[in-house]
Amino acid sequence: MSETHQDSGGSGDFDLTQFYQIFFEEAGENLDLMEQMLLNLNLETADDETLNGIFRCAHSVKGGAATFGFADVAELTHQMESLLDKLRRHELQPNAEMVDVLLESADASRSLLARHQAGGEGELTPTADLVRRISVLASGHTSAPAQAVQARVAPAPVAAVSPAAVPKVQTKHLRSLEICIGPLERTEQADAVQELFRDIPGLGEIAVLPIEATNKRLFAVQTESSDEDLLDLFAFHVSREYIKITERVASGGDVVGSDSIVVGVAGGAALGASDEAQPGAPLAPLPGYGFFDGAPGAPTAVPEGTATESKAVKVAPKVASPNVATQPEAATIRVAISKVDQLINLVGELVITQAMLAQNSRALDPAVYQQLLSGLADLDRNTRDLQESVMSIRMIPMSIVFSRFPRMLRDLASKLGKKVDFVTQGEATELDKGLVEKITDPLTHLVRNSCDHGVESPAERLAAGKSETGTITLSASHQGGSIVIEVRDDGKGMSRHKILSKARERGLDVSDQMSDAEVWQLIFAPGFSTADVVTDVSGRGVGMDVVKRNIAALNGTVEIDSAEGYGMKVSVRLPLTLAIMDGMSVGVGGEVYILPLSSVVESFQVKADAVSTVGQGSQLVKVRDEYMPVIELEKIFQIPRFDFEKSCDIMVVVEADGSRVALLVDELLGQQQVVVKNLESNYRKVPNVSGATILGDGKVALILDTGALVRRSRH
Amino acid sequence: MGMMEKIDEMASSEAREYLTFRLDQEEYGIDILKVQEIRGYEPPTRVANAPDFIKGVVNLRGTIVPIVDMRLKFNCSKVEYNTFTVVIILNLRSRIVGVVVDSVSDVMELPPDSIKAAPDIDSVIDSGAVLGLGSLGERMLILLDIERLMAAPDMGLVSGPE
Amino acid sequence: MPLILAVDDSPSMRKMVSFTLTGAGYQVVEAVDGQDAYEKAQSQSFDLVLTDQNMPRLDGLGLTRKLRDHPQFKTVPILMLTTESSDLMKQAGRAAGATGWLVKPFDPARLLDVIKKVIR
């Protein structure tokens, strides 16, 4: 198998390298599509459309690879294509082994292409074993990867494939026949004969040949069946006396007896016989061409003289002027991320400027400045719309994140000997691109955990009265200003008792009175991330604290719900928009703080009798029927108070992380859109603060992390 | 890097330009290439639970920048905020920081041979951050490795492991 | 300037063929599959049709048959570009009314060569 890349660009002035990038992208998409279709293939009732689709993917990659000189990829995909061709013609029934080897071959093709894309650097993926397995499967046998097989396999080039790999079809003699049917009153009967070849796997191949008589049909047939068998078969549609079968000599060159084909190059002849035979055969070496004698538009067989040349088009050596009609409009365009980020920044600046104008114009007399104020109101609306549009550019659907899991789970489940169904919900839910990259690792970890430690083995499941196959569900949805991603499994869940005793062992302060939710949260505690905990408890100790940290870094939260014996659910909640949010500004001691409007439930003036003190100075406030903790921002942020007259008498109830708290503030200043600025890029993470923003007057205000405040109040 | 090695390193390079500023009675010099701009002082937004020398954060054309008062950090006797008070905005590779100083003088070019090692005195400044003493006529400048100074954990700008 | 209709569902192949042909002075219209090609043929007249075989919706053979049924395209040269060089495919091509065939991968120089033989 060729390791080098032929430079097709060497043919004259044709530099094909400019098309490489298009081909790499196109091939990548085809291989991805192929993988997806293979994973979704129903082995029992494989439908034609899917089989054809998978075939076309391999065919397309092969064609491009061959054209652009990537011989190793062309060779491998050619083998895949041969197997897929048999599958789509129903000559073979698809099975799991075939899917496996095709998936592995697609992977190998990808890495070979990547190597070419990187200029030929890097390790060369071995493909000899894959090719061997494909040809064994294509011949109707079962195949095992090289490790399982002893010295039977020749690692040498494809051409050396052992005779055992020769397809079953060849063990009988393949005959080339010419079948004439007629004269018929209704020629549809003869057409029905063609259907037989389509419907019956392994019967052979049939092609229509032109014939003068209109009440007759002529076919070229390749089959291993005997004349008798064929006549019996055709009897369904046409009586024997109207069928005439003659054998053709299957020559290496032109096959048709009556009409001649003008072959352009000697190389064309060599191609005639080679291709249909064995799937193990290497690609035809020389491209050929030819014209059908007497076909419309065909040149006469007279040697070309100057006569034809003078009519030929002047070959202009000029640069190719793209006089090409465009194909159907592309539905998408590719844009550099940096451009999008720049756009978002600019829109952010626009929002700030607009807010400043709005603030400064508040003092204006509406009667006098009516037009200006109405213009500013329009500006406000336009800016809001623009901002929404721009933010949505960076939003991509969760399906991008979900797409890696079917394959990963299939491989993992098979390795662990488990049966797992993978279900996704809410693939269309959109997420900021920056988040997508960061959420993939934690989610992968959670899904792996469910498969590894959650879902039991088929035997265990049956013993527990469950179905053999477990289900892992991955779902995404928008809730308020957040996106909620859940990983659910119907496995064995977590044992409260075991976690508590393990926690005590590790010296953690726990009590039996802890709610279930609090117990589950223990597995995030640093003390749980050790290997021996993996086997003892639910086996979910490893890496969970990393998952939680990663999610917290995105200003998100993780919640766990579990029922022993039934399963487990991990919910990840992330804020949707990173850059711009609706905020409520509050004043405490002369300082301004911003609360995310999506967390604010209500606000009210506090009455002294509604507040009660418990424990070590913590306060609770009664809101209708509910008691909730009070958080004095003045204390938490050590806000210096100069005006002893004024005091905090307004409570703002916020909800985050599933609980509510009441924040004690001096005054409510208003609501506005704020551009969230990162505090950590130049400074550091500040507790209870999620970011900063610039107010209309140009001053900085801190944005409060309501989740952190709520969690703080819990103990 | 020890003091002598630093001097050697500087000696082998060409003359550099230093922005000079004043803290109390002392004059300091920092690499001009690290200076982004110079602004007047405006009260920053306070950030809770920060050391006293971190005054807070300000808005620098859309970017949030922390402000460190060098006079407080170096325990200067007099700390005032008046019309001469200046904030030097530094652009240090991965971060932008503002430092409050009493005043800014000029930019000086110092040939390497005019820089001498600073004696190892017990001072507030980490000796590792002092590049040397530069002299120009009557004036003596304490040359600072401002990048290293700002990255030091006790400066409170860099988060340690939580 | 002769107008050529280039039909292939693979963008890289299309671009390559298109580039080769325009560089030689031909005008090219691209189509992504047989159906697209047939639709385009309704509104313009081509001097040559170059078509791939394996395409979704309508394949090369199907396109050829449809074009031959159309009064305007009874005699226009139709060349099939195909990686399948089996005799059966050639037979089918001829039966459908194609003028000739060219096996992929092909040399751009050969493509131009072959085209020169048939274009009027």
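In chain B, strands E6 and E7 form a hairpin, with 2 residues between them; strands here, like helices, are DSSP runs numbered from the N terminus (H or I and at least four residues for a helix, E and at least two for a strand). Arg93(B), in the turn, has a positive phi of about 45°. This is a predicted model, in which local features need pLDDT of at least 70 and side-chain atom pairs count only at pLDDT 80 or more, while totals for chains, interfaces and linings use all residues. Residues are numbered from 1 along each chain as its sequence is written, and chains are lettered from A and ligands numbered from 1 in the order in which they are written.

The two arms of the hairpin, E6(B) and E7(B) (residues 95–101), run antiparallel and are joined by 7 bridges; strands pair if DSSP finds at least two bridges between them. E6(B) (residues 86–92) is also joined to strand E3 (residues 35–40) of chain B, again antiparallel, by 5 bridges. Val86(B) shows up in both pairings: Gly40(B) stands opposite it, and its bridge partner in E7(B) is Val101(B).

Over in chain A, there is an open sheet of 4 strands, ordered E2-E3-E1-E4 with antiparallel pairing. Strands E2 (205–209) and E4 (243–247) of chain A stand at the edges with a single partner strand each, so one side of each has no neighbour in the sheet. From one strand to the next the twist averages 25°. E2(A) pairs with E3(A) (residues 217–223) in the antiparallel sense over 5 bridges, and Ile206(A) stands opposite Val221(A) in E3(A). In a regular strand, side chains alternate between the two faces of the sheet.

Chain A also has a helix pair: H13 (residues 405–416) and H14 (residues 433–454) pack at an angle of about 25°, with their axes 10 Å apart. Axes are lines fitted to C-alpha atoms, for helices over the stretch in contact, and angles run from 0 to 180 degrees between N-to-C directions. H13(A) and H14(A) are therefore roughly parallel, the label for angles under 35 degrees (over 145 is roughly antiparallel, 65 to 115 roughly perpendicular and the rest oblique). Their crossing is right-handed, meaning that the near helix is turned clockwise from the far one by less than a right angle (anticlockwise would be left-handed). Phe405(A), Leu409(A), Leu412(A), Ala413(A) and Leu416(A) of H13(A) meet Val447(A), Arg448(A), Cys451(A) and Asp452(A) of H14(A). By class, that contact has 7 nonpolar, no polar and 2 charged residues; Ala, Val, Leu, Ile, Met, Phe, Trp, Tyr, Cys and Pro count as nonpolar, Asp, Glu, Lys and Arg as charged, and the others, Gly among them, as polar.

As for where the chains meet, 19 residues of chain A are in contact with 18 residues of chain B, contact being C-beta atoms, placed from the backbone, within 7 Å. Strands E24 (689–694) and E25 (700–704) of chain A each supply at least two residues of the side touching chain B, and the largest share of that side, 3 residues, comes from E25(A). The residues on this side of chain A divide into 10 nonpolar, 3 polar and 6 charged.

Finally, a word on confidence: chain A has a mean pLDDT (the predictor's confidence in each residue, from 0 to 100) of 75, and 77% of its residues reach 70 or more.

Technical notes
Contact = placed C-beta atoms within 7 Å.
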